[in-house]
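I opened this notebook to record what I looked up, one entry at a time. The sequence and the coordinates come before the entries.

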Amino acid sequence: MNPTNLRNSQELQDHKEHFMTSSPPRHCWVAATGTAADPADPAGSVTYGDLPPTPEPDIDVRCHRRLRGPYTGGGALLRAVIPELAGEHDEFIAARATEVISLAPDLAPRVPIAPQTLTALASRAERTRFYSVARTLRVSHGVAELLTDWARTVRPGGTVIRFRELDDADPTDRELVSVLLRRCDPAVLRLVVETDGLADDELGQALRTYADRAAPEAAGTPDERPAERPAELPDEHLDEHLAGADLAQLFIDADGTSKDPRLIAAYEALDPAERAARHSARAELLAERAEPGVSLGAHLYHLEHGTDPAAGAGTAFVDACESCFDSGFYEAALEISQRGRALFGDARPKPYWNLTNKIGACLSYLRRGEKGFSYFAELRSGSTEPEIHMNSCYMMAMLYTRHLPKGMHDEMRALEWVNTAIAIADWNPDPHRRVFVGAFMRNAKALVELHRADLDAALALVNDAIAMTDEDLGPDEQLLHRSVLRYNRAQILAARGDHEGSLADYDLVISRDPDYGDYYFERAGGRRANGQFDAALADYAEAIRLSPPFHEAHFNRADLLRELGDEEAALRDLDYAAILDPGHVDTLVNRADLLMALGEIEQATADVEAGLALDSKNANLLCAQGTLLAESEQVDAAFTSFTAALESDPSFVAAWVNRAVLSYSAGRLPEAVDDLDHAIELADDPVLRGNRALALYDLGAYERALADLDIAIPALADEDPDLLYRRGAVRLALGETDGAFADWRDHLAAYGEGEASPFVEEIAERMREFVPGDGESATVGRESVPSGREGAA
């Protein structure tokens, strides 16, 4: 068992134990300025004297993004935690190597074995694969597990971490803290979160759910401040400690993060030229220090306000934007691009267009693609550079086929734009560049064709791109780009049902990029489709080992495990999937269904209710709710739930069938038959026909009942010999006595020695009506049927 699974199992146990203890500790949220409204007390009746004191933090981190950009707080926290784990507990660091390096790249030397993917190793010019916007969330979950391991192991008595200045934090830090609030047991690792407002985002929701308000602490002295804090001081200590100091310089040395009005006033009173010179001097000092992350935060701030901001925009801002974009920090890349563009004034040099393109790309990745149109239009209207036009056309195609909301997708427009991109690419004067961009754009067109459901065209385009690159490049050149092409071909082949060909491509890309977890995840699906179940489970395990926690791997593996009959393991995966993404409705659907099968009705009901709170019209959940209500004999409510499921999805067969069962049990035979008619029209199944035949028989519709049974019996009689009894009864009602007797004979013969048909007495009684004798026995063919007076043998 790998360490990740050990941690997950422990977390689930802790989760259960949490509810068995009384008055467990809670996380805290504190108003930074003492003016925040209490969401539980909007009228403001609670005073600070009524609030509990803020716990004393063991680690105090600042999160202001102006200091170090994305993960300012998360990186500072890991710089405190990792040294405490290093040496004696390297296994925890190794298990979360990707997360550590994502938050604090400077800690890479302390990571025992870091995964080396082609994505991470590729130069910027070779980068053709970029991270999903969801990657930072996955990283945050990994950090939560790493911190829990650290707290349990190194600080077993519990520890307190304070996150300051979250109102000014990058979205990565706000997302991280929201995950920590939800996932960290306050008895093990307690959070104190400083924010003046509870925004309507994940952090605000997490604070409302998992934290209690605490009174603001008294401000500390300078010596009590963490080492990473700049040389700003709280108001009450300023006169005492810094009388006569250069307050304007203090503001600049605080990298513009101080909220002290005296420092701000002194800074604003500076002559503009002197102020710019001081910013430039601070920028030079920070560049010399080369402190981790400063190039994404404070350095940019000072260049922005320095003596030559446009020069900084042409170099530092472009580099910082590229760095954030490559790391998947798209909100930061967007903000940096917008700030950098503004520094050029009316000038439009090449860096301006680079930043403009990045704005559109970031908006696309952030699912705000409709706001990117104007930036791509500006690129086309403001430049005559072919490469700029090619990239703009490519992004327009991706908007229409991938990044826009579903209702705005337009594959024909996507095709127009990507064809233009290919036309420009094929005229590139550099032969090697022509091959590279030409293959890239053909790969993009393959995606459009895939979405147009033209699998043959998609496959031909990817094959062309592969042939182009293989002919032009040496075996070790552009490995990332070529792996992406093979990976995409594997997906197309799988969509065509060619699992052998698909798996061959997956095998190849994994041999080239063995540390990239997503490849194993995709191959697991292909191996499952090809019937290689053990190999599929091995691939899921490897994907989970190599990657930051991601919901899909556990969700899909749970489905396979249940298919293989390992319901306990499937439930563990679904439990963990629900921890990673509590808002994923299908996880709740699958877990509720599994819990119902296991007889865990109370837990299944909780999942159904939670799922319906997220999606009140979900047909699966409404049907499950109906089933649970029916089992508790709440027939009318169950009927209402099944009806609601059908209103939501008229093609949902299970709801038609379950409602038919209720109607039949209530004696509403026409309604039962009507519901089964709908079900069979959607999915003509022998079992459904057998059920409908029963209702039709009771209605006296013998001809229709016989037609259903004639279809059901060849498929099901070996498993359900009672169908033969039913057809015998139908035939008898139609006057087909010989046929009825033959069916009953076969029915009785199907029961083994020592078994008796539940219909023995009924058959004997019916036989006496047609076969003369003394009533002691009736004979059907060669079989003797007891009269029933002495009971069935």
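Which residues are linked in a network of salt bridges? I found D677, D684, R689, R692, R704 and D708 joined in such a network, where I take a salt bridge to be a side-chain nitrogen of Lys or Arg within 4 Å of a carboxyl oxygen of Asp or Glu.

**Ground rules.** I am working on a predicted model, in which local features need pLDDT of at least 70 and side-chain atom pairs count only at pLDDT 80 or more, while totals for chains, interfaces and linings use all residues. I number residues from 1 along each chain as its sequence is written, and I use heavy atoms for side-chain values, with hydrogens and water left out.

**Overall figures.** I noted 39 helices and seven strands in the protein; helices (H or I, at least four residues) and strands (E, at least two) are DSSP runs, numbered from the N terminus. Of the 793 residues, 49% are buried, a class that means under 20% relative accessible area, against over 50% for exposed and the range in between for partly exposed (1.4 Å probe, protein chains only). I also recorded that the protein exposes about 35,900 Å², with carbon and sulfur atoms supplying 50% of it; these areas come from the Shrake-Rupley method with a 1.4 Å probe, and for residues only the protein chains shown count as cover. Among contacts (heavy atoms within 4.5 Å) with a separation of 6 or more, 61% involve residues 24 or more positions apart.

**Salt bridges.** My search of the whole structure returned 58 salt bridges. I then looked at one of them, in which the side chains of R164 and D60 meet at 2.7 Å, N to O. Because R164 lies in strand β3 (residues 159-164) and D60 in strand β2 (residues 59-62), this pair ties together parts that are 104 residues apart in sequence. Both R164 and D60 are buried.

Next I checked D168 and K259, which form a salt bridge with their closest N and O atoms 2.8 Å apart. D168 is in the loop between β3 and α8 (171-183) and K259 in the loop between α11 (247-253) and α12 (261-268), so the pair ties together parts that are 91 residues apart in sequence. K259 counts as exposed, at 53% relative accessibility.

For a pair within one helix I turned to E335 and R339, whose side chains meet in a salt bridge at 3.9 Å, N to O. Both residues lie in helix α16 (residues 330-342), four residues apart, which is about one turn of the helix. E335 is partly exposed at 27% relative accessibility, and R339 is partly exposed at 21%.

**Strand β2 and its surroundings.** I found both faces of β2 covered, since I59 and V61 on one side and D60 and R62 on the other are all buried. β2 and β3 pair in the parallel sense over four bridges, where pairing requires that DSSP finds at least two bridges between the strands. I59 stands opposite I161 in β3.

C63 lies in the loop between β2 and α2 (65-68), and I noted that C63 is buried, with a relative accessible area of 0%. Leaving out residues up to four places away in sequence, C63 touches ten-residue-distant G73 as well as others including R164 and D168. The C-alpha atoms of C63 and G73 are separated by 4.2 Å.
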